[in-house]
Amino acid sequence: MAYPFQLGLQDASSPIMEELMNFHDHTLMIVFLISSLVLYVITLMLTTKLTHTSTMDAQEVETIWTILPAVILILIALPSLRILYMMDEINNPALTVKAMGHQWYWSYEYTDYEDLCFDSYMIPTSDLKPGELRLLEVDNRVVLPMELPIRMLISSEDVLHSWAVPSLGLKTDAIPGRLNQATISSNRPGLFYGQCSEICGSNHSFMPIVLEMIPLKVFEDWSLSMI
């Protein structure tokens, strides 16, 4: 999860988030090179009085500064489209979980089980135990098996919400009357925290999301105990 004064992204815990971080670094390097070139040209123009008229009017220069930006945009667009298709593609999910946004809490339903559903409320600050995180802990965590593709169906029953878990590369809008889907796949066990990322009302900041990723055998025992 995030820590104070953090400058970068959270550590990746899913293949999708790893790809997003690689794309972020790739794009940031291109932006850095462009910014350096522009700064160099501006500095050169301000510090020299020389003018090369034949260069300023040459067709070759106009051709270069037309083609070069197009090539740069292609270098950014191709990896971006690849990741978009990876995020949208869901092949044979091992489990499907439905998340519904309410004012202001989340409710979850494990659609592969008959009666496995619960609401998830934030734990008030006065009820927190030592070591628990303020504004992030919930009374019922979403328990999921690790290293398996999981489909999340996300919607809302009242206003716009957004179901987001940064370390897994997840951020999907919860829209009334619309069913959106996202893919979860974690490389390791642990607790992963998120929050509603849509300004949905006065208690918008009190809709935390906690995913508990555990081995498949432990998940099976948990699901049997919940039914």
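Two strands pair if DSSP finds at least two bridges between them. Helices (H or I, at least four residues) and strands (E, at least two) are DSSP runs, numbered from the N terminus. The model is predicted: local features need pLDDT of at least 70, side-chain atom pairs count only at pLDDT 80 or more, and totals for chains, interfaces and linings use all residues. Residues are numbered from 1 along each chain as its sequence is written, and side-chain values use heavy atoms, with hydrogens and water left out.

**Exercise 1. Strand S8**

Task: find how S5 and S8 pair, and state which side chains of S8 are buried.

Solution.
- Start with the pairing. S5 covers residues 150-156 and runs antiparallel to S8, with five bridges between them.
- Take one bridge. Ile150 has Ile184 of S8 as its partner.
- Fix the cut-offs. Buried means under 20% relative accessible area, exposed over 50%, and partly exposed in between (1.4 Å probe, protein chains only).
- Sort the side chains of S8, residues 180-184. Asn180, Ala182 and Ile184 point to one face and are buried. Gln181 and Thr183 point to the other face and are not buried.
- Compare with the rule. In a regular strand, side chains alternate between the two faces of the sheet.

**Exercise 2. Salt bridges**

Task: state how many salt bridges the structure holds, and locate the partners of Glu19, Glu212 and Lys217.

Solution.
- Set the criterion. A salt bridge is a side-chain nitrogen of Lys or Arg within 4 Å of a carboxyl oxygen of Asp or Glu.
- Count. There are four salt bridges.
- Glu19 pairs with Arg82, with 3.0 Å between the closest N and O atoms. Glu19 sits in helix H1 (residues 15-47) and Arg82 in helix H3 (residues 59-88), so this pair ties together parts 63 residues apart in sequence. Glu19 is partly exposed at 21% relative accessibility. Arg82 is also partly exposed, at 45%.
- Glu212 pairs with Arg141 at 3.7 Å, N to O. Glu212 belongs to strand S10 (residues 208-214), and Arg141 to the loop between strand S3 (117-120) and strand S4 (142-145), so the pair ties together parts 71 residues apart in sequence. Glu212 is partly exposed, at 24%. Arg141 is partly exposed, at 27%.
- Extend to the network. Salt bridges link Glu137, Arg141 and Glu212.
- Lys217 pairs with Asp221 at 4.0 Å, N to O. Both residues lie in helix H4 (residues 216-226), four residues apart, about one turn of the helix. Lys217 is exposed at 55%, whereas Asp221 is partly exposed at 42%.

**Exercise 3. The two sides of H4**

Task: which residues of H4 are buried, and which are exposed on the other side?

Solution.
- List the buried set: Phe219, Trp222 and Ser223.
- Check the geometry. These residues cover an arc of only 100 degrees around the axis, which puts them on the same side of H4. The arc is that of the directions from the helix axis to the C-beta atoms.
- Turn to the other side. Lys217, Leu224 and Ser225 are exposed there.
- Recall the helix rule. An α-helix has 3.6 residues a turn, so residues three or four places apart point the same way.

**Exercise 4. Annotated spans**

Task: what helix and strand content do the UniProt spans 27-46, 66-85 and 92-225 have in the model?

Solution.
- Read the record. The unreviewed UniProt entry gives "transmembrane region" for residues 27-46 and 66-85. It places "domain: Cytochrome oxidase subunit II copper A binding" at residues 92-225. UniProt positions use the numbering here, feature names are shortened, and annotations may be inferred rather than shown by experiment.
- Residues 27-46 are 100% helix and 0% strand, with end C-alpha atoms 29 Å apart.
- Residues 66-85 are 100% helix and 0% strand, with end C-alpha atoms 29 Å apart.
- Residues 92-225 are 7% helix and 43% strand, with end C-alpha atoms 26 Å apart.

**Exercise 5. Backbone exceptions**

Task: where is the cis peptide bond, and where do Phe5 and Glu147 lie?

Solution.
- Recall the norm. Most residues other than glycine have a negative phi, and most peptide bonds are trans.
- The bond from Gln103 to Trp104 is cis, with omega near -5 degrees. Trp104 lies in the loop between strand S1 (95-102) and strand S2 (105-110).
- Phe5 has a positive phi of about 65 degrees. Phe5 lies in the segment before H1 and is exposed at 83% relative accessibility.
- Glu147 has a positive phi near 60 degrees. Glu147 lies in the loop between S4 and S5 and is exposed at 56%.
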